[in-house]
Amino acid sequence: MLHGGFEQQYQNATAYGAFSSVPKEVHGAIRDRYVQFGGPDGWLGFPLTDETPTPDRAGRYNHFEHGSIYWSPATGAFEVHGAIRDKWAALGYERGWLGYPRSNEVGFDDGRVSLFQHGAIYWWGDTGARALNEVIVQYTGLHCFGETDVDSGSDSDEPYATLGVAVPGGQKQVFQTKIYGEEPGEDGVDSNEGYFDVIELYRGTPRGLILNSLLQEHSGGDTKASREVIAESVEKGGQALATAATLIPVVGPVLGPAATVALKLFKQDIIDALNGFVESTLGYADRPLGSDVQVFTAKQLIVMATRPEGHMQFGPIPWRFETPPMSRFGATYKLYFNVFPA
C-alpha cells in the first residue's frame with residue numbers, strides 16, 4: 001500500500017494507481033527510471049497513462065502527475081518536466097528538431113537544463129525556457145567614430161584587430177582581421193565609416209567564453225607582435241576558465257555566474273598583459289588604439305543567441321554585443337560581434 005494509492009506487481013510490469021483513479025502500468029526501462037525517482041511516492045507522482053508508443057513509433061513514454069519519462073533505443077529512458085517539457089512539447093516533442101531527451105533535467109548555474117539528441121532546453125526564472133543546439137560567435141566588423149590625428153603621410157587610418165578566444169574545456173584560438181583601407185580601390189578608413197566583415201570565432205556548445213580584443217592602426221609594423229600578445233592573453237584566459245568553470249554532470253565544464261568572482265583576478269592579469277603591450281609600443285611601429293577583455297557566461301551566450309528580436313544593425317554591421325569605445329591618438333573605434341544559433 002502506498003501513500004494515497006496502491007501498486008500491483010506483475011511478471012513483466014507494475015500497475016500503480018491513486019485511490020481515485022484507474023491504475024496504469026509501467027514497465028521496462030521506464031519503470032526502472034521511475035523507481036529511481038521514488039516511484040509514486042517520489043516527485044513524479046502516479047502515472048497518468050499506460051506505457052504508450054510515441055507518435056513516431058520509435059520510442060515509448062509514460063506521463064505522470066508531474067512529468068514524463070521518454071524512452072528510445074538510441075537514448076534510453078529519461079524524464080522531462082515543467083517549463084522545459086512545455087517548451088519541448090511546443091516544438092513537437094520527439095518529432096521536433098530536438099529529438100528525444102538524452103538526460104534528466106539537471107541544475108545549470110541558477111537554472112535548469114535538459115539535453116536532447118540535437119540540442120538542449122535551458123531554463124531560468126527570468127528568461128523562461130530557451131531551446132538551442134550549438135552557438136556561433138562571429139566578429140562582424142568595426143566602425144570609425146573618429147580617425148587618428150597623428151598619421152604622418154596619410155589622412156586616413158588603416159586599422160586592424162587581433163582577437164583571441166578561450167572557451168571552457170580547453171579551446172583557445174587567435175584571429176586577425178584584414179588591414180582595413182588597404183584593399184585595392186580603398187583609400188584608408190575615415191571618420192563615420194563602418195566595415196562589415198565576418199570571422200567565425202567559435203562554434204559549439206554554449207559554455208561561456210573569454211574574448212580578448214586588440215585594435216591597432218597599421219603603420220608598417222609587423223602584425224605578428226599583436227598575435228603574440230593576444231596568444232599570451234588567451235593562454236591566461238584558458239587558465240582562468242580551467243579554474244573558474246563548473247563541471248556539470250552530462251553537460252561538461254561551464255562558465256556560470258558563480259565563477260565571476262574567481263575570474264576577476266585572472267581578467268586583471270589579461271588586461272595588464274594587453275595594456276603592457278600597448279604602453280610599450282606607443283609612438284612607434286603599429287599604433288595600439290585600444291584593447292578590451294570581455295567575459296561571457298553560458299547563460300549570457302544562450303540569451304543573446306536566442307534573442308527573440310534577432311540581431312541589431314549599425315549601418316552595414318549586424319551585432320549583438322560590442323566593445324566599449326577604443327580611443328587613442330584622437331581616434332575612436334568600436335568592434336562588433338554577433339551570436340546566433342548554429
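This report describes the strands, sheets, nonpolar cores and largest pocket of a predicted model.

## A covered strand and its partners

Strand β16 spans residues 209-217, and 9 of its 9 residues are buried. Its side chains are divided between two directions: L209, L211, S213, L215 and E217 point one way, while I210, N212, L214 and Q216 point the other way. Both sets are buried.

β16 pairs with strand β13, residues 159-166, in the antiparallel sense over 8 bridges. Within this pairing, Y160 has Q216 of β16 as its bridge partner. β16 also pairs with strand β19, residues 287-296, again in the antiparallel sense, over 9 bridges. Here the bridge partner of L211 is Q294 in β19.

One residue of β19 may be followed further. L289 lies in this strand, and it counts as buried because its relative accessibility is 1%, where buried means under 20%. L289 touches L215, Q216 and E217, and these three residues belong to β16. Other contacts of L289 include T148, M326, S327, R328, F329, A331 and Y333. The C-alpha atoms of L289 and G208 are separated by 27 Å, and the two residues are 81 places apart along the chain.

## Two open sheets

In general, the strands of a sheet pair through backbone hydrogen bonds, either parallel or antiparallel. One open sheet of this model has 4 strands in the order β4-β5-β6-β7, with antiparallel pairing. β4 (52-53) and β7 (76-80) stand at its edges; each has a single partner strand, so one side of each is left without a neighbour in the sheet. Strand β6, residues 67-72, is joined to β7 by 5 bridges, and I69 has E79 of β7 as its bridge partner.

Another open sheet has 4 strands in the order β8-β9-β10-β11, also with antiparallel pairing. Its edge strands are β8 (106-107) and β11 (128-132), each of which pairs on one side only. β8 and β9 run antiparallel and are joined by 2 bridges; in β9, R112 is the bridge partner of G107.

## Three residues in loops and strands

D109 is found in the loop between β8 and β9. F329 is found in the loop between β23 (326-328) and β24 (331-341). D109 has a positive phi although it is not a glycine, and F329 likewise has a positive phi without being a glycine. Their values are set out below.

| Residue | Phi | Relative accessible area | Class |
|---|---|---|---|
| D109 | about 45 degrees | 17% | buried |
| F329 | about 55 degrees | 22% | partly exposed |

The two classes follow from the cut-off, because buried means under 20% relative accessible area and partly exposed lies between that value and 50%.

K172 lies in strand β14, residues 172-176. With a relative accessible area of 35%, K172 is partly exposed. Its contacts are V165, A166, V234, E235 and G238, not counting residues up to four places away in sequence. K172 and P159 are 13 residues apart in sequence, and their C-alpha atoms are 24 Å apart in space.

## Nonpolar cores

In soluble globular proteins, nonpolar side chains tend to be buried together. The largest nonpolar core of this model has 44 residues, and those with the most contacts inside it are F108, Y139, L201 and L335. Apart from it lies another core, of 13 residues, among them I210, L214, V234 and A240. I210 and L214 point the same way from β16, and V234 is also one of the residues touched by K172.

F108 touches V113, Y122, W124, I248, V251, V254, A298 and I302, not counting residues up to four places away in sequence.

## The largest pocket

The largest pocket holds about 190 Å³ of space. It is lined by 14 residues, of which R102, L115, A120, Y122 and T205 lie nearest its centre. The lining divides into 8 nonpolar, 3 polar and 3 charged residues. β9 (112-116) and β10 (119-124) each supply at least two residues of this lining, and both strands belong to the open sheet β8-β9-β10-β11. Y122 links the pocket to the core described above: this residue lies among those nearest the pocket centre and is touched by F108.

How values were computed. Residues are numbered from 1 along each chain as its sequence is written. This is a predicted model: local features need pLDDT of at least 70, side-chain atom pairs count only at pLDDT 80 or more; totals for chains, interfaces and linings use all residues. Side-chain values use heavy atoms; hydrogens and water are left out. On a 1 Å grid over the protein atoms alone, a cavity is a set of points where a 1.4 Å probe fits but cannot get out, and a pocket is an open set with protein on both sides within 12 Å along at least five of seven lines; lining residues have an atom within 4 Å of a point. Grid points are joined across faces, edges and corners, and a volume is the space filled by probe spheres set on the points. Ala, Val, Leu, Ile, Met, Phe, Trp, Tyr, Cys and Pro count as nonpolar, Asp, Glu, Lys and Arg as charged, and the others, Gly among them, as polar. Buried means under 20% relative accessible area, exposed over 50%, partly exposed in between (1.4 Å probe, protein chains only). Two strands pair if DSSP finds at least two bridges between them. A nonpolar core is a set of buried Ala, Val, Leu, Ile, Met, Phe, Trp, Tyr and Cys residues joined through side-chain atoms within 4.5 Å. Contact means heavy atoms within 4.5 Å.
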